Amino acid sequence: GELPTVVEDDGHTLTWLACEVPSMGWRAYRLTTADAHAVWKRLAGNEIANEHYRLVVDPARGGGVSSLIHHGRQLIAEGRVGNELAVYQEYAFHPTEGEGPWHLVPNGTVVSSSETAARVSVEHSSVGQRLVVRGSVGNVLRYTQTLTLWHGVDRVECRTRIDDFSDADQLLRLRWPCPVPGAMPVSEVGDAVIGRGFALIHNGS
């Protein structure tokens, strides 16, 4: 039978939900012409939902996620926002050892996307719902974030694009303040994965 499909990019991108595709193997779909194209339709508001999640953003705080509920459980820490961009000013060189920029050496100055209002739009289609956020972090960068909930999919899809950046010696982070008891931050480096619960550059995040 026919599957709900959304058309984007002047017909260059087609999106549909591919179900029961084996982890080792493939499944074929046949494309046919249609009388009308299903597209994303813009609506008013600042929240989206599917069978698993309800997601709300706050335009006044940079379009950050102020509420993310998964089967009745709130996943965002009280008073905080998720999907928040933070830019940390760094020393050009290590302040005591004089080593180069391969170290993370923030000097304590930080500005975040939640400090400035952003433009938010809600879009619905036959395959899901999404929020598109456009904002800026100070005078350092502009960004576009897309948060998508597909129908029937137990996952929040997040995409962040930096549209313009005009500075140097900056550390860019994306923060999701989720209250997970006993959790430890894990970082990937060149040849290892490191878990560290101390010396964090932003406590509580």
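This is a short walk through a predicted model, from its nonpolar interior to its charged pairs and a patch on its surface.

Let us start inside. In soluble globular proteins, nonpolar side chains tend to be buried together. Here the largest nonpolar core has 20 residues, and Leu55, Val65, Leu68, Leu131, Tyr143 and Leu147 are those with the most contacts inside it. At least two residues of this core come from each of strands S5 (53–58), S6 (64–70), S8 (84–90), S11 (128–137) and S12 (141–150). S12 gives the largest share, four residues. Apart from this core lies another, of five residues, including Val6, Trp40, Val127 and Trp150.

Leu131 is a good residue to click on. Beyond its neighbours within four places in sequence, its contacts include Leu55, Val57, Val120, Val122 and Leu147. Polar residues also touch Leu131, among them Asn46, Glu47 and Gln145.

Glu47 takes us to the charged pairs. Side chains of opposite charge can pair when their charged atoms come close. The structure holds eight salt bridges. In one of them, Glu47 meets Arg54 at 3.2 Å, N to O; Arg54 is partly exposed, with a relative accessible area of 35%, and Glu47 is also partly exposed, at 35%. Another joins Arg61 to Asp58, with their closest N and O atoms 2.8 Å apart. Arg155 and Glu157 pair at 3.5 Å, N to O. Elsewhere, Glu8, Arg42, Glu123 and Arg130 are joined into one network by salt bridges that share partners.

Finally, look at the surface, where Leu3, Leu14, Trp16 and Leu31 make a nonpolar patch of about 360 Å². Trp16 sits in the loop between strand S2 (13–15) and strand S3 (41–43), and is partly exposed, with a relative accessible area of 30%.

Methods: Residues numbered from 1 in each chain as written. Predicted model: local features only at pLDDT ≥ 70, side-chain atom pairs only at ≥ 80, totals over all residues. Heavy atoms only, no water. Patch = residues over 30% accessible without salt bridge, like charges linked within 9 Å, V, L, I, M, F, W, Y side chains within 5 Å. Areas by Shrake-Rupley, 256 points an atom, 1.4 Å probe, with all protein chains shown as cover. Salt bridge = Lys/Arg side-chain N within 4 Å of Asp/Glu carboxyl O. Buried < 20%, exposed > 50% of the residue type's maximum accessible area, 1.4 Å probe, protein only. Core = buried A, V, L, I, M, F, W, Y, C linked by side-chain atoms within 4.5 Å. Contact = heavy atoms within 4.5 Å.
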